[in-house]
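Here are some exercises to work through with the structure open beside you. Try each task before you read its solution.

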Amino acid sequence: MNIREIEYITIPVSDLEVSRRFYHEVFDLPIVKLPNGDMGADLRKMFLDFRVVDKVTPISFGLIAKDSIVDIQAHLINYFVDIVSDPTEKTENRRNVNSITILDPDKNQIEVNEFK
């Protein structure tokens with residue numbers, strides 16, 4: 001077996017409309033209907049699958065941005081997104097990144113990375 005990519009990540013959410021709005025407005029992601037009938041965000045090669053659940057157990061995942069970390073932080077502040085961890089430099093997947101961590105409306109932890 002030769003796995004190359006992730007097709008989707010399922011994100012537990014309590015309110016589909018709030019989550020769709022958050023991911024569309026904050027990350028400018030197109031919202032689409034997935035083949036399984038769920039709604040999700042299109043990341044070109046991958047989807048974020050929003051699955052409504054009664055009790056959310058938050059998950060953690062990372063995103064790669066093409067913007068500078070300064071612009072990312074300013075954008076998040078403009079959208080009143082709570083920043084859990086200020087920008088930091090670290091090594092991620094053998095590459096140096098600037099990283100900032102936020103929470104979505106259901107407390108799912110999202111690390112937004114700018115590769116250097």
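**Exercise 1. The open sheet**

In what order do the four strands of the open sheet stand, and what is the pairing?

Solution. Before you start, keep in mind that this is a predicted model. Begin with the order: the open sheet runs β1-β4-β3-β2, and its pairing is mixed. Next, look at the edges. β1 (8-13) and β2 (31-33) each have a single partner strand, so one side of each is left without a neighbour in the sheet. Then follow the strands across the sheet: from one to the next, the twist averages 35°. Finally, add the helix. α1 packs on the sheet and touches β1, β2, β3 and β4, and the direction of α1 makes about 160° with that of β4.

**Exercise 2. Hairpins within the sheet**

Find how β3 pairs with β4 and with β2, then look for the residues with positive phi in the two hairpins.

Solution. Take β3 (residues 39-42) and β4 (residues 47-52) to begin with: they pair in the antiparallel sense over four bridges. Within this pair, G40 has D49 of β4 as its bridge partner. Four residues lie between the strands of this hairpin, and R44 takes a positive phi near 70°.

Now turn to β2 and β3, which are also antiparallel, with three bridges. Here K33 stands opposite M39 in β3. This hairpin has five residues between the strands, and G37 takes a positive phi near 95°.

**Exercise 3. The hairpin of β7 and β8**

How many bridges join β7 to β8?

Solution. Count along β7 (residues 95-103): seven bridges join this strand to β8, and the two run antiparallel. Towards the turn, check the partner of L103, which stands opposite Q109 in β8. Five residues lie between the strands in this hairpin, and K107 takes a positive phi near 70°.

**Exercise 4. The surroundings of D86**

Place D86 in its element and list what D86 touches, leaving out residues up to four places away in sequence.

Solution. Start with the element: D86 belongs to strand β6. With those sequence neighbours set aside, D86 touches Q73, S99 and I100. For a distance, take T101: the two residues are 15 residues apart in sequence, and their C-alpha atoms are 7.0 Å apart in space.

How much confidence does the prediction carry here? Strand β6 (residues 83-92) has the lowest mean pLDDT among the elements of the chain, at 88, whereas α1 has the highest, at 96. For the chain, the average is 92, and 98% of the residues score at least 70.

**Exercise 5. The largest pocket**

What is the volume of the largest pocket, and which residues are the closest to its centre?

Solution. The volume is about 1,100 Å³. Of the 28 lining residues, L29, L43, L63, I64 and A65 are the closest to the centre. Now go from residues to elements: α1 (16-27), β5 (60-65), α2 (69-78) and β8 (109-115) each give two or more residues to the lining. Last, sort the lining by class: there are 15 nonpolar, four polar and nine charged residues.

Key: Residues numbered from 1 in each chain as written. Predicted model: local features only at pLDDT ≥ 70, side-chain atom pairs only at ≥ 80, totals over all residues. Heavy atoms only, no water. 1 Å grid on protein atoms, 1.4 Å probe; cavity = no way out; pocket = protein on both sides within 12 Å on 5 of 7 lines; lining within 4 Å. Points joined across faces, edges and corners; volume = space filled by probe spheres on them. Nonpolar A, V, L, I, M, F, W, Y, C, P; charged D, E, K, R; others polar. Pairing = 2+ DSSP bridges. Axes fitted to C-alpha atoms, helices over the stretch in contact; angles between N-to-C directions. Contact = heavy atoms within 4.5 Å. pLDDT = per-residue confidence, 0-100.
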